Amino acid sequence: MKCKPVRELEQLIPKFNKLIEKYKRNWNLTVAFVDIDGNIVAGDVSECSNFSKRDECASARRRAIIESLRWGEPSMLLCPQGNIMWAMPVMNNSIELGGIVVEQVNISSSETDVEILSPGDIRRAASELQMLAEEANLTNASYLELKRNAAQRESERAEAIHEFKDQRLRSIRDIYLVEEPVLMAAIKRGDRYTAREILNRVLVGIYYYGRERQPLLKSFVLELIVTMSRSAVE
């Protein structure tokens, strides 16, 4: 007897087939509908002819799905045959059922029987797969957006740490005096992107220097909040 996720996945095959029809109008690529372990359920991808590598191929498809779940968008990976693949998770609400995997894509100019695409084409093809999967409701667009936002915040935090270390400021007061005027100016003109960048740097510095001095940390954060609120009102 088939388990519930497998039955749900098989019920989605008609939606997947429609997605392939649309996808192939622009991209002559092989697309697989796979279960949670990376095994092919439907699609136009043949199982690896090398039986010893079938488990490796399934594992690579699984990794591609995990990466797309992690970042909220398709990520490029190499399959065991040396070709590029990317994937979108197939989901029922927040439950992962399997994935849609594009594979057998080559970026070299060597003579092969796989599709050759430029890096720019690959990015566009991956973005279109995401768009079609979301339109067909085969994946959870809201969940993936949360993942993308979280990844972006982490990237901004890492960049802020790097910039903070480069500045070589020696105290919380130094950080505040340098960054406070430009932060308040960005808030007053409604420039959220710049304000967020500066705020990341300020908070990284405050917590770095104040982590052992909780009262000092609290006073600077409160001062920052009050000043930001006044600037926003203005």
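Visitor: Read along the sequence, what pattern does the protein chain follow?
Guide: In this predicted model, the protein chain runs α-α-β-β-α-β-β-β-β-α-α-α-α-α when read along the sequence.

Visitor: And how many helices and strands are there in the chain?
Guide: The protein chain has 8 helices and 6 strands.

Visitor: What share of the residues is buried?
Guide: Of the 234 residues in the protein chain, 40% are buried. As for contacts, when those with a separation of 6 or more are considered, 56% of them come from residues 24 or more positions apart.

Visitor: Let me go to strand E1. How many of the residues of E1 are buried?
Guide: In strand E1, which covers residues 30-35, 6 of the 6 residues are buried, so the strand is largely enclosed by the rest of the structure. Both of its faces are covered, with Thr-30, Ala-32 and Val-34 buried on one side and Val-31, Phe-33 and Asp-35 buried on the other.

Visitor: Why does Thr-30 count as buried?
Guide: Thr-30 has a relative accessibility of 19%, and because buried means under 20%, Thr-30 counts as buried.

Visitor: What is the C-alpha separation of Thr-30 and Val-102?
Guide: The C-alpha atoms of Thr-30 and Val-102 are separated by 5.9 Å, although these residues stand 72 residues apart along the chain.

Visitor: Back to pairing, then: in which sense do E1 and E2 pair?
Guide: E1 pairs with strand E2, residues 40-43, in the antiparallel sense over 3 bridges, and Val-34 has Ile-40 in E2 as its bridge partner. The hairpin of E1 and E2 has 4 residues between the strands, and in this hairpin Gly-38 takes a positive phi near 90 degrees.

Visitor: What about the hairpin of E3 and E4, how many residues lie between them?
Guide: The hairpin of E3 and E4 has 5 residues between the strands, and Gly-82 in the turn has a positive phi of about 90 degrees. E3 and E4 pair in the antiparallel sense over 2 bridges, with Ile-84 in E4 as the bridge partner of Leu-78.

Visitor: How many of the residues of E4 are buried?
Guide: For E4 the count is 8 of the 9 residues, so this strand is largely enclosed by the rest of the structure.

Visitor: Where does Ser-75 lie?
Guide: Ser-75 lies in the loop between helix H3 (54-71) and strand E3 (77-78), and at 15% relative accessibility Ser-75 counts as buried. Apart from its neighbours within four places in sequence, Ser-75 is in contact with Glu-67, Met-85 and Trp-86.

Visitor: Which residue that is not a glycine has a positive phi of about 60 degrees?
Guide: Asn-93 is one of them, with a positive phi of about 60 degrees. As background, most residues other than glycine have a negative phi. Asn-93 lies in the loop between strand E4 (84-92) and strand E5 (95-106), and at 59% relative accessibility Asn-93 counts as exposed.
Guide: Asn-137 also has a positive phi of about 60 degrees without being a glycine. The loop that holds Asn-137 runs between H4 and helix H5 (141-167), and Asn-137 is exposed, with a relative accessible area of 53%.

Visitor: Now the helices. At what angle do the axes of H2 and H4 cross?
Guide: The axes of helix H2 (residues 13-26) and helix H4 (residues 119-135) cross at roughly 155 degrees and come within 10 Å. That crossing makes H2 roughly antiparallel to H4, and the crossing of H2 and H4 is right-handed.

Visitor: Which residues meet there, in H2 and in H4?
Guide: From H2, Leu-19, Lys-22, Tyr-23 and Asn-26 meet Ala-125, Ala-126, Glu-128, Leu-129, Leu-132 and Ala-133 in H4. The residues of this contact of H2 with H4 divide into 7 nonpolar, 1 polar and 2 charged.

Visitor: One last residue: is Lys-18 buried or exposed?
Guide: Lys-18 counts as exposed at 59% relative accessibility, and its place is in helix H2. Between Lys-18 and Leu-132 the C-alpha to C-alpha distance is 9.7 Å, with 114 residues separating Lys-18 and Leu-132 in sequence.

Conventions
Residues are numbered from 1 along each chain as its sequence is written. This is a predicted model: local features need pLDDT of at least 70, side-chain atom pairs count only at pLDDT 80 or more; totals for chains, interfaces and linings use all residues. Side-chain values use heavy atoms; hydrogens and water are left out. Buried means under 20% relative accessible area, exposed over 50%, partly exposed in between (1.4 Å probe, protein chains only). Two strands pair if DSSP finds at least two bridges between them. Axes are lines fitted to C-alpha atoms, for helices over the stretch in contact, and angles run from 0 to 180 degrees between N-to-C directions. Angles under 35 degrees count as roughly parallel, over 145 as roughly antiparallel, 65 to 115 as roughly perpendicular and the rest as oblique. A crossing is left-handed if the near helix is turned anticlockwise from the far one by less than a right angle, and right-handed if clockwise. Contact means heavy atoms within 4.5 Å. Ala, Val, Leu, Ile, Met, Phe, Trp, Tyr, Cys and Pro count as nonpolar, Asp, Glu, Lys and Arg as charged, and the others, Gly among them, as polar.
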